[in-house]
Amino acid sequence: MKFQNPAEEAAMPTYRIIDADGNVVDQSRDPSSTPAEEIIQWYRNMLTVSIMDLIMFDAQRQGRTSFYMVSAGEEGIAVGSASALSPDDVCFLQYREQGVMVQRGFTLKEMMSQLFANKDDNGKGHNMPVHYGSSKLNVHTISSTLATQIPQASGAAYALKMQRLINPNVPPRIVACYFGEGAASEGDFHAALNIAATKSCPTVFICRNNGFAISTASIEQYKGDGIASRGMGYGIDTIRVDGNDFFAVREVMLEARKRALEGDCRPILVEAMSYRVSHHSTSDDSFAYRAKREVEEWKRRDNPITRLRKWMEKKGIWDEDKEKEARASIRKDVLREFAAAEKLKKPPLRSLFEDVYEEITPEARTHMKELKELIEKYPNEYDLSPFEGGLKSLQ
Amino acid sequence: MFSCRRNTRTVFSKLLRSTSQCRSASQASTAARLNRPVDFKKTPILHQTQNSARAAFGLSQDAPVDWVNLHGAINTTLHHALKTDESVLLFGEDVAFGGVFRCTKGLADEFGAARVFNTPLTEQGIVGFAIGCAAEGMRPVAEIQFADYVYPAFDQLVNEAAKFRYREGSTGGNCGGMVVRMPCGSVGHGALYHSQSPEALFTHIPGLRVIIPRSPSQAKGLLTAAILNCNDPVIFMEPKILYRAAEEFVPRDAYTLPLDKAEVVKKGKDLTIISYGQPLYLCSAAIEALEKEIKGLSVELIDLRAIYPWDRATVMESVQKTGRAIVVHESNYNAGVGAEVAASIQEGAFLRLEAPVARVTSWGTHHGFIFEKFHIPDITSKHIGSSVSITRC
Ligand SMILES: Cc1ncc(C[n+]2csc(CCOP(=O)(O)OP(=O)(O)O)c2C)c(N)n1
Ligand SMILES: [Mg+2]
């Protein structure tokens with residue numbers, strides 16, 4: 001009789017292409033042959049996320065928005081993985097993956113419209129800030145409820161697979177599904193992996209393991225060899241990757257996508273290791289549960305943006321002047337869209353009642369009418385000025 | 001709108017910050033006369049003086065009382081429960097560092113990680129775990145971080161906690177002693193997933209007790225009873241907007257309040273308003289405005305406290321007297337608690353009714369981020385609700 005003790009097994013390795021100093025460690029995947037313009041664009045996308053994050057965090061502090069979540073330290077996972085996707089692929093996000101949106105072509109104007117919930121917001125003023133979504137980019141709108149998107153990603157991938165069986169002319173597509181290591185404790189995660197494995201769904205599950213779920217450190221979140229070991233248990237091809245290594249994340253995702261679509265299709269689990277440099281959100285002060293020094297050390301030690309920058313500088317395709325110019329121009333663009341979006345009207349009041357059902361129900365019509373009468377009776381009690389169309393939209 | 005002592009160590013402090021300090025997703029009208037922020041320093045719902053608190057709890061003139069807010073009162077209650085009964089356990093997401101609303105602050109330090117601890121992020125796990133603890137004789141207090149996130153635990157609550165005793169029959173097995181606490185309700189910018197009040201989903205389930213306190217002193221008595229005395233599973237919903245906003249004098253010594261009794265908060269003779277939790281403050285303000293406007297009018301206000309099983313007798317007695325009733329709650333109109341209360345009044349006091357029972361609730365839609373002020377009941381809508389029901393007679 002032998003009981004297997006997972007502590008006696010070797011931990012799954014962490015895949016890297018470049019080290020913290022920007023030196024190539026996996027020569028077989030040396031990124032040197034990639035065109036410089038492409039790499040610079042990816043780098044700029046990471047910078048965009050990081051600059052926008054700082055501006056929006058401050059904007060919240062100034063009371064100009066109610067909420068924000070930065071993704072500092074995790075830009076490489078989002079941009080790197082998204083750079084390996086096809087525009088047709090479908091994405092389900094958690095909330096710390098603005099890099100996926102930027103990489104897929106969500107414009108700063110679109111981001112700001114969501115953050116300010118103005119009349120151009122795809123979510124029609126329904127959602128809190130950072131809950132992006134875009135049908136054009138095949139990204140489903142983010143839900144605050146953790147992990148619910150994970151089994152949906154299994155089902156969505158099954159749908160894509162079925163559609164190709166019905167019509168082999170549609171291009172092969174995968175579903176990319178993002179979530180945190182905390183969310184991976186939810187039943188939904190386990191159900192998702194199990195059903196994706198049994199139904200051979202082309203889903204790539206990308207777990208951002210940043211060490212924290214609000215205050216809860218990963219040591220209290222799970223035992224065993226991280227989230228990656230879960231994949232093994234469900235019979236899923238799994239890899240652990242260094243989330244600070246842009247090229248490694250990208251190559252892993254390219255390979256994962258390829259494998260997911262091979263033969264009868266199959267799910268893949270990627271565990272991308274990083275560190276949540278920031279507070280959880282603007283509502284959190286993480287120094288209530290972790291030492292400032294720990295964060296400072298992490299920041300100094302490694303970061304996806306600096307790591308790629310070091311590599312680019314070694315290659316001679318980037319320097320201090322280019323960096324300055326890039327930062328200044330991105331900042332300018334962000335601030336321009338910020339100012340424009342903040343000024344715009346809010347979606348019409350009617351939007352409060354829309355999209356509950358495909359058509360507004362008779363009950364909701366009654367409620368709209370009652371609300372209109374209430375506001376007409378007490379015009380001074382309600383400020384309609386921010387809303388496009390004022391009271392008229394309640395017709 | 002709410003008190004806003006800035007505490008940078010408070011997670012989700014944002015969710016409780018005043019509308020004047022930062023932009024709420026939907027703006028209050030500056031010209032508003034009725035829809036003014038609730039003045040928590042004046043509202044009669046809270047014990048503004050030491051003697052008011054002593055009188056309410058039948059205490060002597062020198063009984064010690066403390067000025068505390070809702071999260072403070074909950075914290076003291078949890079402290080007392082952990083101290084007096086070693087079978088009490090406390091756990092949930094981020095509970096160890098004090099919880100995102102600070103209700104469990106300091107408790108892990110004092111009572112140790114074996115009794116007060118973080119769980120992995122799994123609500124079905126948290127509630128299932130609590131049921132198991134209770135079934136084996138402990139008194140677990142489980143925290144769900146937001147009521148909006150209780151649904152993964154729905155199966156455990158509806159099929160397990162609620163039916164445990166029934167299933168066990170004469171074995172006597174049960175999961176009494178389990179309390180599931182959760183912050184609920186709107187705060188100004190919580191949108192779809194940080195604003196919900198799902199009590200009606202649980203009041204449909206025999207076997208669960210659903211309690212919503214209106215104030216720190218009520219929370220203390222009700223939560224103490226739920227944890228230490230009650231042998232049925234309790235869902236304890238805490239209106240999170242009140243955590244810091246609602247401050248009052250609270251008796252220092254431990255006490256309990258009944259888990260099946262409504263309370264007449266204000267006496268009246270012409271109209272009964274039935275509510276619970278946060279809207280009671282709005283009801284009180286609306287009544288004040290209405291009684292000023294209509295000379296001689298007197299409105300009775302009832303706090304249900306126990307949302308299920310609920311105290312029909314107190315409500316019926318009041319409506320028999322007044323002949324008119326309005327039910328007010330923040331959660332949706334459709335199949336809400338208001339429907340149950342209105343139907344019961346219709347059954348129990350039909351011949352005495354002088355107007356249809358009215359409901360003032362959120363509409364039958366979701367909690368849209370920038371539309372909160374137009375969605376949830378406010379003083380104006382209750383004002384109008386009252387007028388409608390009065391003029392109809
Ligand atoms: C079902 C559910 N439970 C609880 C929460 C509250 N909550 C929001 S984020 C969070 C932590 C998530 O951590 P993780 O998945 O590791 O993602 P990270 O924030 O680290 O990116 C919690 C507990 C929620 N949004 N949904
Ligand atoms: Mg995390």
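**Exercise 1. A helix and its surroundings**

Which residues of helix H11 (residues 312-322) of chain B are buried? Work this out on the predicted model shown above, then find what they pack against and what follows the helix.

*Solution.*
- Step 1: Begin with burial. In H11 of chain B, the buried residues are B:Thr314, B:Val315, B:Met316, B:Ser318, B:Val319 and B:Thr322.
- Step 2: Recall a rule about helices. An α-helix has 3.6 residues a turn, so residues three or four places apart point the same way.
- Step 3: Now look for partners. The buried residues of H11(B) pack against four strands of chain B, namely E9 (263-266), E10 (271-275), E11 (299-303) and E13 (325-332), and against helix H12 (337-349).
- Step 4: Move past the end of the helix. Just after H11(B) comes B:Gly323, with a positive phi of about 80°.

**Exercise 2. Backbone surprises**

Take A:Ala147, B:Arg305 and B:Pro309 in turn, and describe the backbone at each place.

*Solution.*
- Step 1: Keep the general pattern in mind. Most residues other than glycine have a negative phi, and most peptide bonds are trans.
- Step 2: A:Ala147 is not a glycine, yet its phi is positive, at about 75°. You will find A:Ala147 in the loop between helix H4 (108-115) and helix H5 (149-166) of chain A. With a relative accessibility of 0%, A:Ala147 falls under the 20% cut-off, so it counts as buried.
- Step 3: B:Arg305 also is not a glycine and has a positive phi, of about 60°. B:Arg305 sits in the loop between E11 and E12 of chain B. Its relative accessible area is 5%, so B:Arg305 is buried too.
- Step 4: Continue to B:Pro309, where the peptide bond from B:Tyr308 is cis, with omega near -20°. B:Pro309 belongs to the loop between strand E12 (306-308) and H11 of chain B, the helix of Exercise 1.

**Exercise 3. Two residues and their contacts**

Is A:Arg240 buried or exposed? Answer for B:Ser217 as well, and list the contacts of both residues.

*Solution.*
- Step 1: Place A:Arg240 in strand E7 (residues 237-242) of chain A. Its relative accessibility is 6%, so A:Arg240 counts as buried.
- Step 2: List its contacts, leaving aside neighbours within four places in sequence. A:Arg240 is in contact with A:Met12, A:Pro13, A:Thr14 and A:Tyr15, with A:Asp225, A:Gly226, A:Ile227 and A:Ala228, and with A:Glu271 and A:Met273.
- Step 3: Check a pair separated in sequence. A:Arg240 and A:Arg16 are 224 residues apart along the chain, and their C-alpha atoms are separated by 9.4 Å.
- Step 4: Turn to B:Ser217, in helix H8 (residues 216-229) of chain B. B:Ser217 has a relative accessible area of 2%, so it is buried.
- Step 5: Not counting residues up to four places away in sequence, B:Ser217 touches B:His47, B:Phe57, B:Glu248, B:Phe249, B:Val250, B:Tyr255 and B:Leu257.

**Exercise 4. Domains of the two chains**

How are chain A and chain B divided into domains? Add the distance between the domain centres in each chain.

*Solution.*
- Step 1: For chain A, the assignment gives domain 1 (11-343) and domain 2 (349-393). Their C-alpha centres lie 38 Å apart.
- Step 2: Look at the record for chain A. UniProt, in an unreviewed entry, places "domain: Dehydrogenase E1 component" at residues 44-348. Over residues 44-348 of chain A, the chain is 47% helix and 10% strand, and the end C-alpha atoms are 35 Å apart.
- Step 3: For chain B, the division is into domain 1 (50-251) and domain 2 (263-392). Here the C-alpha centres lie 26 Å apart.
- Step 4: Finish with the contacts inside chain B. From domain 1, 29 residues are in contact with 22 residues of domain 2.

**Exercise 5. Enclosed spaces**

How many cavities of 30 Å³ or more are there? Describe the largest and the second largest, and explain why the second largest lies between two domains.

*Solution.*
- Step 1: The count is six cavities of 30 Å³ or more.
- Step 2: The largest cavity has a volume of about 450 Å³. It is lined by 36 residues, and the closest to its centre are A:Tyr95, A:Leu146, A:Ile214, A:His280 and B:Gln145.
- Step 3: Sort that lining by class. There are 14 nonpolar, 14 polar and eight charged residues.
- Step 4: The second largest cavity has a volume of about 130 Å³. Of its 15 lining residues, B:Cys184, B:Ser197, B:Gln278, B:Pro279 and B:Glu330 are the closest to its centre. The lining divides into six nonpolar, six polar and three charged residues.
- Step 5: Domain 1 (50-251) and domain 2 (263-392) of chain B both give residues to this lining, so the second largest cavity lies between them.

Notes. Residues numbered from 1 in each chain as written. Chains lettered and ligands numbered in written order. Predicted model: local features only at pLDDT ≥ 70, side-chain atom pairs only at ≥ 80, totals over all residues. Heavy atoms only, no water. UniProt positions renumbered as here; feature names shortened; annotations may be inferred. Helix = DSSP H or I, 4+ residues; strand = E, 2+ residues; numbered from the N terminus. 1 Å grid on protein atoms, 1.4 Å probe; cavity = no way out; pocket = protein on both sides within 12 Å on 5 of 7 lines; lining within 4 Å. Points joined across faces, edges and corners; volume = space filled by probe spheres on them. Nonpolar A, V, L, I, M, F, W, Y, C, P; charged D, E, K, R; others polar. Domains from an automatic or database assignment. Buried < 20%, exposed > 50% of the residue type's maximum accessible area, 1.4 Å probe, protein only. Contact = heavy atoms within 4.5 Å.
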